[in-house]
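User: Please examine one part of this model closely: the largest pocket, its lining and the salt bridges of the structure.

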Amino acid sequence: MSRLKLLAVLFAWICATASADPAPAAAKGSAEQLSWLAGCWAYESAELGSGETWMPAAGGALLGVARRIDGGRLVSYEFQRIVEDGSGGLSFIVLPSGQAETPFALKSLAANEAVFENLENDFPQRVIYRLAQNGNISARIEGAKDDPARAIDFPMRRASCDELKTEN
C-alpha cells in the first residue's frame, strides 16, 4: 500500500472514531465539595421529625440519614453516603428501608448542585441535591424506566438537630 493511501486510511479512521459518541465519563469531585450539605435539614411539607441529617465530610465521605414521620410514626427511612471512589469520582449510595442498597454515580458537580445517576435503577434514576441562595436545600429524585418525567421534590430548610425530634 502506498504511503499516501495509508495516510488516507489512517485519516479516515481517526475522523470516524473522533465522531463516535464515547460513553460519558463520570464526573470528578471530592466529598469536601459537598460541605454545604452537612447539617440537619427539616422537610418543608412533612410532619415534625421528618428530614435529613448529614455529617461533615471526613475520610472522603459524607454520611447521612433520612426519615419520614406520618401520624407520629416512622413510615420510611434510609441510610445514605456520598463516597469518593478512588478514581476522582463520587458515588451516592442509598439503603432505603426494606430495600437493597443502590449506588448512583456522580454525573455532574457544581458549586451548588450535585447530580447522581443510575440508569439501571427502576426509580429513581437520578438524585439531585441543590443549595439555594437562601441557604435551604432541595433534594429531587427523578426518572423512571416506565416514566422518564416522574419526579419528586424534597424542599428542606436548615434546622437545629433538636428540631428534628418529635418529643421533648
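Analyst: The account below takes the pocket and then the salt bridges. The model is a predicted one.

The largest pocket has a volume of about 590 Å³. Its lining comprises 28 residues, and Glu78, Val94, Pro96, Ile141 and Phe154 are the closest to the pocket centre. Seven strands are listed as each supplying at least two lining residues: β3 (61-70), β4 (73-84), β5 (90-96), β6 (102-110), β8 (126-131), β9 (137-142) and β10 (151-159). Strand β4 provides the largest share, four residues. By class, the lining holds 15 nonpolar, six polar and seven charged residues.

Two of these strands, β9 and β10, are also joined by a salt bridge. Asp153 and Arg140 pair through their side chains at 2.9 Å, N to O. Because Asp153 belongs to β10 and Arg140 to β9, this contact ties together parts that are 13 residues apart in sequence. Arg140 also forms a salt bridge with Glu142, with the closest N and O atoms 2.6 Å apart. The three residues vary in accessibility: Asp153 is partly exposed at 46%, Arg140 is partly exposed at 22%, and Glu142 is buried at 15%. Together with Lys107, Glu117 and Arg126, they are linked in a network of salt bridges.

The whole structure contains eight salt bridges. Another of them pairs Glu163 with Arg157, whose closest N and O atoms are 2.5 Å apart; Glu163 is partly exposed at 30% relative accessibility, and Arg157 is partly exposed at 29%.

How values were computed
Residues numbered from 1 in each chain as written. Predicted model: local features only at pLDDT ≥ 70, side-chain atom pairs only at ≥ 80, totals over all residues. Heavy atoms only, no water. 1 Å grid on protein atoms, 1.4 Å probe; cavity = no way out; pocket = protein on both sides within 12 Å on 5 of 7 lines; lining within 4 Å. Points joined across faces, edges and corners; volume = space filled by probe spheres on them. Nonpolar A, V, L, I, M, F, W, Y, C, P; charged D, E, K, R; others polar. Salt bridge = Lys/Arg side-chain N within 4 Å of Asp/Glu carboxyl O. Buried < 20%, exposed > 50% of the residue type's maximum accessible area, 1.4 Å probe, protein only.
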